[in-house]
Amino acid sequence: MKINSMRERLLASTMMGSALALALAATPAFAQQADVEELVVTGSRIPQPNLVTTSPVTQVTGADIDTAGVTRVEDLVNQLPQAFAAQNSTVSNGSTGTATVDLRGLGATRTLVLVDGKRMPYGSPLQGGSAPDLNQIPGQLVERVEVLTGGASAVYGSDALSGVVNFIMRKNFEGVEVDLQHAFYMHHNDYDGPGNLRNVIAGRAATNPAQYKLPDDNVMDGKSWEYNLIMGVNAPDGKGNITAYVGYRNNDAILQANRDFSACSLGASFNNGGNDFTCGGSGTSFPGQFTPDFAAGNVFTIGGTAAAPTFVPYSTTANAYNFGPLNYFQRPDERYVLGMFGNYQISDTVEVYSQLMFMNYQTVAQIAPSGNFFNTSSINCGSPLLSAQQRTTIGCDAAEIAADASTPLFIGRRNVEGGGRQDDLEYITYRGVLGLRGNITEGWDYDISAQYAKVSLSRTYLNDFSVTRLGRALDVISVNGVPTCRSVTTGEDPNCVPYNIFQPGGVTSEALNYLQIPLVLRGHTVQTVVTAAVTGDLGTVGIQSPWSERAVQLAFGAEYRRDGLKTTPDTSFQTGEGAGQGGATLGVSGTTEVYDIFAEVQVPLIEDMPFARLVSLDAAYRWSDYQGRESTNTWKVGADWAPVEDVRFRGSFQKAVRAPNVIELFTGQGFNLFDMDDDPCGPTGTATLAQCVATGVPAAAFRSPALTSPAGQYNFLQGGNPDLNPEEGETTTFGVVFTPTFLPGFNFSVDYFKITVDGLVSTFGALNVLEACYQQNIQAQCARINRNNLGQLWVGEGHVEDLNTNIGGLQTSGVDVVANYGLELERFGLSDVGRLSFNFVGTWLKELVIDPGPLVDAYDCAGFYGNQCSDNAPPNPEWRHRFRVSWQSPWNLEVSGTWRHFSEVTIYQDPPTTNVRPDRTLEAQNYFDLAATWQVRDNARLRFGANNIFDRDPPLSSIVGTTGNGNTYPQTYDALGRYVFIGLTANF
């Protein structure tokens, strides 16, 4: 997956250098690109300019991809204020390996993704993977991306509840285009934000250099290479075109150890008058945590020497495992894409068109090593692995040693010898569209298409321990003075090798080879869509307003869609055999089918009259039948009014529906993790003794530190629900568009949006279950709390039940602001110096309210992050914007500067507390990017630039849990440093 050998590096350098030389020497006469003839407008099947749609549409172009220097299109889309962070390359723990987009913070599954108006399939068959995978999009073939935020189910069907992202691809290309890009990160490790972190790590490194180390002051890593080839040819008779592409991309891994702010797993000190971070960690530690009795606080670790090992007191501060450094901050990946877009005019009334797309994508998500996560709870007193001091320390007396009796011993011990757990994910995706379109009669057109997509997943999880083998490798007896697994002597497992974790340096490679097992899962998704649509001009039959020059426009049609999904995990996955998995991974199998009938109409009422330059209405309706079990109705009405040429008012109201997907309906039950500061029955909890005892906490363990997960992660039981109902959403938008004639080149729009989702398909939330039980004494919720025999929710079978259900809902509202302006500098007396253009996109988030249902009060996450608010999305800033200024010089050089801003967010706590903590507020972030494009020759364009040019460190928090990564939220903030890129595009 990496260019490792010198030969490969020389080859890569030669390819780029040769292409540059070829581009500079080539004759530009063959470089041509025809204008796009097909008009695709997001949010409607009726062609119309975006500035006169009744629903706001934000647009980014292929030039923006070049300016940002991104090799992953999700990185560009997620820069838009309307988009919230979702799965991307910076997610490791819980990664599906996909890249998704989440509009308005309503969840990626509620964002519909299209390619030229055609639906994309599920991205992955894994839990959380139903959203389309943007890795399938070849970035250099993107002409523009149109983002419509707000329900569009009436036009496109289910999944468009929060909006639509439509990738419009370049077509009718003629010639050959080669595009090469190299990029990397540069970072200076000098974190000086809140928390005094560098000094904290340096202090830990002085006493525990094996786990704590400050990285080099200056690092350059995360290298990426991308190569793309586009070829296009017109038919000899000029009636058609084929545009084909092939591309390769490779991104190197970045470890959290390479950044000072992620070199230790953060904790926080509360109510101590200070404001410093601490280095936290996991109780599954190295050289281990050994506990014969959690409640009594008898916790030990390994001391002494190899010749005389001992148990010594365990210290949470000194011995908790620093699990962060081995996690991938950026996953390595390798991607191949191949495809073709074609069309041919068979006759005056029939044109055939097609889309063929292929992707092979592989990535590895690495997290901290596996180990014994308290999977074993006892040991035999006669074990030859134990020294005499260790036997006595855990309470074995002479009789028990002689009888080789079993005694309690809970073990949390990291497999540092085996390295990080690696989730190797490989996707092979095929997608094909074949359609016919043309003219029926004057003013009436048809479009009939069928599409098929299949996403195949091969998942191999490496370096995890077998729970069964772990138990056998610790059940050791002496045979002729040689430590031997008991299972070898009984014949149960002749291959067993003792796992000697009681002696420094006692773990052998043979033991690791025995204990470490691969876990394998295969799966696929299949999507079939058949659509037939007719668009027409009713003016041909005399239906037209007498006050309008344009006639009523109509579109109607029918659609069939089938989504199927299946995963087949191996026995180790299904039985929870992986010690570091948190539970079993069960197979999923199921399909959903829907039959749709839809219609859309646009009615121009008045044109070019006093105070009514334009008045129009539009409406859409869709009826959907889901496998004959239930039917839904979605609709939209919109209106706009331009009293004068310079000003236009617009508004719309939509009812949208999203049906549960296959994963939500049929996923098997299994454990996962949720983030929480502390157990309500733990040291800082608020639950009473009686409440805690009633839910399974032994009285002696009440307020015990043993109830608190050192990593802030606790178990919950997740799973599907075939009785889920469809979600229903309502979207209201209204705004104003200014295109002043006295200021040519300027346009400005302000739009208010409000989206409400009822019957949200989600989970009640493990934190809400705990709140409903311990704060409201709701016994039905208390029954969902299942503690282990020590009262814990983070060890063994301890968990909170939190299966899929229809909860109360979700609501968001706010205001979008978009402005564009372009002017010639000669207007200011500056002749021959070019042109300036300005682009601004901003969003004010008024509210993001989550309603778990009648048992728990709704809470507003706008301006907050963490705890309950982390279940929905990473940080939710109230204000975000992107402002770009570009100068087009007369010397074939264009320079752009971009300012990206995120307002501050505060940790969500209910009820609010007065704890002093360095991560109470994540400060506002400002990032500045600089890029330039130089047209070296008519057929060769060089681009270069840097994003986050001031190498700003991200804001840090100790509670990012599995939602974030590296003590921050890298899906939202620039966490890896200054991103530098250089690229070349050459046409022939």
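**Exercise 1. Work out whether Trp 635 is buried, partly exposed or exposed in this predicted model, and find which surface patch and ring partner go with Trp 635.**

Start with the accessibility. Trp 635 has a relative accessible area of 32%. Partly exposed covers the range between under 20% (buried) and over 50% (exposed), so Trp 635 is partly exposed.

Next, place the residue: Trp 635 sits in strand β33. Now look at the surface. Together with Ile 597, Tyr 621, Trp 623 and Val 637, Trp 635 makes a nonpolar patch of about 440 Å². Two strands, β32 (612-626) and β33 (630-644), each give at least two residues to that nonpolar patch.

The ring partner comes last, after a look at another pair.

**Exercise 2. How many aromatic pairs does the structure hold, and which parts of the chain do two of them link?**

The count is 35 aromatic pairs. Take Phe 358 and Tyr 430: their ring centres are 5.2 Å apart, with 50° between the planes. Tilted pairs are those that are neither under 30 degrees nor over 60, so this one is tilted. Phe 358 belongs to strand β20 (residues 351-369) and Tyr 430 to strand β25 (residues 420-441), so the pair bridges 72 residues of chain. Both rings are partly exposed, Phe 358 at 25% and Tyr 430 at 46%.

Back to Trp 635, whose partner is Phe 653: this pair is tilted too, at 5.4 Å centre to centre and 45° between the planes. Here the link runs from strand β33 to strand β34 (residues 647-658), 18 residues apart. Phe 653 is partly exposed, with a relative accessible area of 25%.

**Exercise 3. Where do Asp 116 and Asn 777 lie, and is each one buried or partly exposed?**

First, the background: most residues other than glycine have a negative phi. Asp 116 has a positive phi, near 50°, and Asn 777 has one of about 55°.

Then find the loops. Asp 116 lies between β5 (111-115) and β6 (118-119), while Asn 777 lies between α15 (766-774) and α16 (779-782).

Finally, check the cover. Asp 116 is buried, with a relative accessible area of 7%, whereas Asn 777 is partly exposed at 46%.

**Exercise 4. Is the peptide bond from Phe 286 to Pro 287 cis or trans, and where is Pro 287?**

Read off omega: the value is near 10°, and the bond is cis. Pro 287 itself is in the loop between β14 (277-279) and β15 (289-293).

Key: Residues are numbered from 1 along each chain as its sequence is written. This is a predicted model: local features need pLDDT of at least 70, side-chain atom pairs count only at pLDDT 80 or more; totals for chains, interfaces and linings use all residues. Side-chain values use heavy atoms; hydrogens and water are left out. Helices (H or I, at least four residues) and strands (E, at least two) are DSSP runs, numbered from the N terminus. Buried means under 20% relative accessible area, exposed over 50%, partly exposed in between (1.4 Å probe, protein chains only). Patches are made of residues with over 30% relative accessible area and no salt bridge: like charges are joined within 9 Å, nonpolar side chains (Val, Leu, Ile, Met, Phe, Trp, Tyr) within 5 Å. Accessible areas come from the Shrake-Rupley method with a 1.4 Å probe; for residues, only the protein chains shown count as cover. A salt bridge is a side-chain nitrogen of Lys or Arg within 4 Å of a carboxyl oxygen of Asp or Glu. Rings of Phe, Tyr and Trp (its six-membered ring) pair if their centres lie within 6.5 Å; planes under 30 degrees apart count as stacked, over 60 as edge-to-face and the rest as tilted.
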